[in-house]
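The following exercises are intended for a reader who is new to this structure. Each consists of a task and a solution worked out in steps.

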Amino acid sequence: MRNRVIKEINKKKEEKKMLKRLRAVFIMLYSSFFILTACTSIDCPVQNSVFTVYNLKKANGLGVDTLRDTLTISTARMEGNDTVLLNKSVNTISFSLPISYSNAEDTLYFEVGNIGWHSIDTVYIKKDNTPHFESVDCQVSFFHDIKEVRTTNYAIDSIVINKSLVDYDQTTEHFHIYFKNRR
C-alpha cells in the first residue's frame, strides 16, 4: 500500500510539473501574440511621388489624338537650370509628369517640332499643395488641388482640367490637351 501511495504522490507531482510547463508555454504564446500585434506594420508607399496625367484629345472633342511630331517637355528648377521631364516623345497619346511639392505655380515648356517646323508653348499650372501623412514613420508626400491652367497658343490650342485632385492615383486623367492642326 505504501508503494501505491508513493506512486500516487509522484503522479501528482508529475501532473503539477506538466501543468506548470503548459502554463509557461501558454504565457509565452500569449505574450508573443500581444508583442507581435502591438508592433505596427507600416505600409509607407514605396513611390510617394504624385504625377499629373495628360491625355491628348482631338479638336472636335471626339476621341484620342496622336501627336506625331516630336514632343519634349521641360521645367525650370529653383537654381535656374531647366530639367527635361519628357524627352523627344513621338506618336504621343498620353504622358505623366511629376508636379512640384512646394511651388504655388509650375511652369512647363512644351517643345513641339518636326523637320522644318518648331514651336515652344509655356504652360502655367496654379495649384494648392497639401501635405499628406501616412504615418509619422513615413516621409511626407504632397497632394495637389489644381486651380487653374493657362498656356501660350503656338502649337497648343487649349488645355482643360479634367480632374483637379492630384494624389497617388496615376490612372486618373488630370488634363486634356488639344493641339492645333499641324497640317
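**Exercise 1. Overall make-up**

Task: State what share of the residues of the protein count as buried, and describe its secondary structure.

Solution.
- Step 1. In this predicted model, 30% of the 183 residues of the protein count as buried.
- Step 2. The secondary structure consists of 1 helix and 10 strands.
- Step 3. Along the sequence these elements follow the pattern α-β-β-β-β-β-β-β-β-β-β, in which the helix precedes the strands.
- Step 4. Consider contacts between residues at least 6 apart in sequence: 54% of them join residues at least 24 apart.

**Exercise 2. The open sheet**

Task: Determine the order of the strands in the open sheet, and explain why β3 and β9 each have one side without a neighbour.

Solution.
- Step 1. The open sheet is formed by 6 strands, and their order is β3-β2-β5-β6-β7-β9.
- Step 2. The pairing in this sheet is antiparallel. In general, strands of a sheet pair through backbone hydrogen bonds, in either a parallel or an antiparallel manner.
- Step 3. β3 and β9 (165–166) stand at the edges, and each has a single partner strand, so one side of each is left without a neighbour in the sheet.
- Step 4. Within the sheet, β5 pairs with β6 (residues 117–132) in the antiparallel sense over 10 bridges. One bridge joins N114 to W117, the latter in β6.

**Exercise 3. Two buried residues of the sheet strands**

Task: Classify S119 and F143 as buried or exposed, and list their contacts beyond four places in sequence.

Solution.
- Step 1. S119 is found in strand β6. Its relative accessible area is 9%; because buried means under 20%, S119 is classed as buried.
- Step 2. Leaving aside neighbours within four places in sequence, S119 is in contact with F110, E111, V112, Y154 and A155.
- Step 3. F143 lies in strand β7. With a relative accessible area of 16%, F143 is also buried.
- Step 4. With the neighbours within four places again left aside, F143 contacts V50, D128, N129, T130, H132, V166, D167 and Y168.
- Step 5. For one of these partners, Y168, the chain separation from F143 is 25 residues, and the two C-alpha atoms are 8.0 Å apart.

**Exercise 4. A loop residue**

Task: Locate V90 and assess its accessibility and surroundings.

Solution.
- Step 1. V90 belongs to the loop between β3 and β4 (94–98).
- Step 2. The relative accessible area of V90 is 46%. Partly exposed covers the range between the buried limit of 20% and the exposed limit of 50%, so V90 is partly exposed.
- Step 3. Beyond four places in sequence, V90 is in contact with L67, R68, D69 and T70.
- Step 4. V90 and T72 are 18 residues apart along the chain, and their C-alpha atoms are separated by 9.3 Å.

**Exercise 5. The largest nonpolar core**

Task: Identify which residues of the largest nonpolar core touch the most other members, and which elements give two or more residues to this core.

Solution.
- Step 1. The core has 25 residues, of which Y54, F95 and F110 touch the most other members.
- Step 2. Two or more residues come from each of β1, β2, β4, β5, β6, β7 (141–151), β8 (156–161) and β10 (175–179).
- Step 3. Not counting residues up to four places away in sequence, Y54 touches I93, S94, F95, L97, L108, F110, I125, F175 and I177.
- Step 4. As a general tendency, nonpolar side chains in soluble globular proteins are buried together.

**Exercise 6. Cavity and pocket**

Task: Describe the linings of the largest cavity and the largest pocket.

Solution.
- Step 1. The structure has 1 cavity of 30 Å³ or more, and the volume of the largest cavity is about 30 Å³.
- Step 2. Its lining is made up of T52, Y54, P98, I99, D106, L108 and I125. β1 (51–57) and β5 (105–114) are the elements that give two or more residues to this lining.
- Step 3. By class, the cavity lining has 5 nonpolar, 1 polar and 1 charged residues.
- Step 4. The largest pocket holds about 370 Å³ of space. Among its 17 lining residues, T75, A76, R77, S100 and N103 are the closest to its centre.
- Step 5. β2 (70–76), β3 (82–89) and β5 each supply at least two residues of the pocket lining, and the largest share, 4 residues, comes from β5.
- Step 6. By class, the pocket lining has 7 nonpolar, 6 polar and 4 charged residues.

How values were computed: Residues numbered from 1 in each chain as written. Predicted model: local features only at pLDDT ≥ 70, side-chain atom pairs only at ≥ 80, totals over all residues. Heavy atoms only, no water. 1 Å grid on protein atoms, 1.4 Å probe; cavity = no way out; pocket = protein on both sides within 12 Å on 5 of 7 lines; lining within 4 Å. Points joined across faces, edges and corners; volume = space filled by probe spheres on them. Nonpolar A, V, L, I, M, F, W, Y, C, P; charged D, E, K, R; others polar. Buried < 20%, exposed > 50% of the residue type's maximum accessible area, 1.4 Å probe, protein only. Contact = heavy atoms within 4.5 Å. Pairing = 2+ DSSP bridges. Core = buried A, V, L, I, M, F, W, Y, C linked by side-chain atoms within 4.5 Å.
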